[in-house]
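Q: I should like to learn how to read the interior of a protein model. Could we work through an example together?

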Amino acid sequence: TTTTTTSASSTVPKPPATPDATSAPRGWTPPPVKKERSSSATSVLTTKMSARGKAVEPMVDKTSPVGKAAVTRASSEFPTVIVFDLETTGLSKEKSRIVEIAAQTFGDPKSSFTTLVNPGRFTIPSAVTALTGITNSMVSAADIPSFAMAAEQLEAFIDRAREARPGAPVLLVAHNARQFDAAFLQHEYRRLGRELPTSWRFCDTLPLAR
């Protein structure tokens with residue numbers, strides 16, 4: 001794994017979320033939550049998330065005691081949550097390339113991954129360098145992996161994160177993931193003649209923030 005001191009928090013301005021193609025990366029749907037009945041009333045606590053990864057606030061029946069959810073973080077049905085971010089040469093996934101990948105396992109500050117990515121013949125515009133601090137000389141260094149190699153490193157990191165909770169699905173979380181981060185990842189994988197791993201699901205925090 002190639003580690004850099006570049007901050008992954010500085011990001012290229014991302015395009016507004018608009019409806020995209022039907023082949024968008026898969027969203028995550030949480031497992032059903034069972035209801036616990038009492039002699040007086042029934043309380044329901046549900047969380048809904050569509051195939052697009054858009055979450056709806058939990059709805060609680062305030063007229064009765066809150067039921068105990070059947071699914072907890074210790075359950076194999078609860079996903080391994082990994083927050084990730086990308087830096088790219090531009091906003092268009094067709095005309096731009098990824099130059100940095102960073103990921104952090106939620107709840108485990110020691111489990112993180114970051115690497116610069118060599119974009120090949122693509123260059124980093126000065127405006128992007130001003131925002132991210134990433135230069136063409138940094139990504140063209142001999143020890144900087146291509147996206148194909150960086151993808152293998154990312155998959156290995158995610159596989160290690162899953163070892164703590166075998167069988168749990170993977171939920172990759174990013175801000176504007178649907179239109180930007182997840183879409184870029186999917187395009188780069190397809191450029192290699194591959195699809196995203198089937199165990200990966202994505203959650204976009206932009207609709208939550210709105």
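**Reading the interior**

A: Let us begin with a single residue in this predicted model. Once the neighbours within four places in sequence are set aside, Leu185 is in contact with Phe84, Leu86, Ile98, Phe147, Leu196 and Phe202.

Q: How many residues does the largest nonpolar core have, and which have the most contacts inside it?

A: A nonpolar core is a set of buried nonpolar residues joined through side-chain atoms within 4.5 Å. Here, the largest such core has 27 residues, and Ile101, Leu185 and Trp200 are those with the most contacts inside it. At least two core residues come from each of strand E5 (80–88), strand E6 (98–105), helix H3 (147–162), strand E8 (170–174), helix H4 (177–191) and strand E9 (200–204). H3 supplies the largest share, 7 residues.

Q: What lies apart from this core?

A: Another core, of 7 residues, lies apart from it; Leu116, Ile124, Val128 and Ile134 are among its members.

Q: In what order do the elements of the protein chain run?

A: One reads the elements from the N terminus on: β-β-β-β-β-β-β-α-α-α-β-α-β-α. The secondary structure comprises 5 helices and 9 strands.

Q: What share of contacts joins residues at least 24 apart?

A: For this question, one considers contacts between residues at least 6 apart in sequence; of these, 68% join residues at least 24 apart.

Q: What percentage of the residues is buried, and what area does the chain expose?

A: Buried means under 20% relative accessible area. Of the 210 residues in the protein chain, 42% are buried. The chain exposes about 11500 Å², of which carbon and sulfur atoms supply 56%.

Conventions
Residues numbered from 1 in each chain as written. Predicted model: local features only at pLDDT ≥ 70, side-chain atom pairs only at ≥ 80, totals over all residues. Heavy atoms only, no water. Buried < 20%, exposed > 50% of the residue type's maximum accessible area, 1.4 Å probe, protein only. Helix = DSSP H or I, 4+ residues; strand = E, 2+ residues; numbered from the N terminus. Contact = heavy atoms within 4.5 Å. Areas by Shrake-Rupley, 256 points an atom, 1.4 Å probe, with all protein chains shown as cover.
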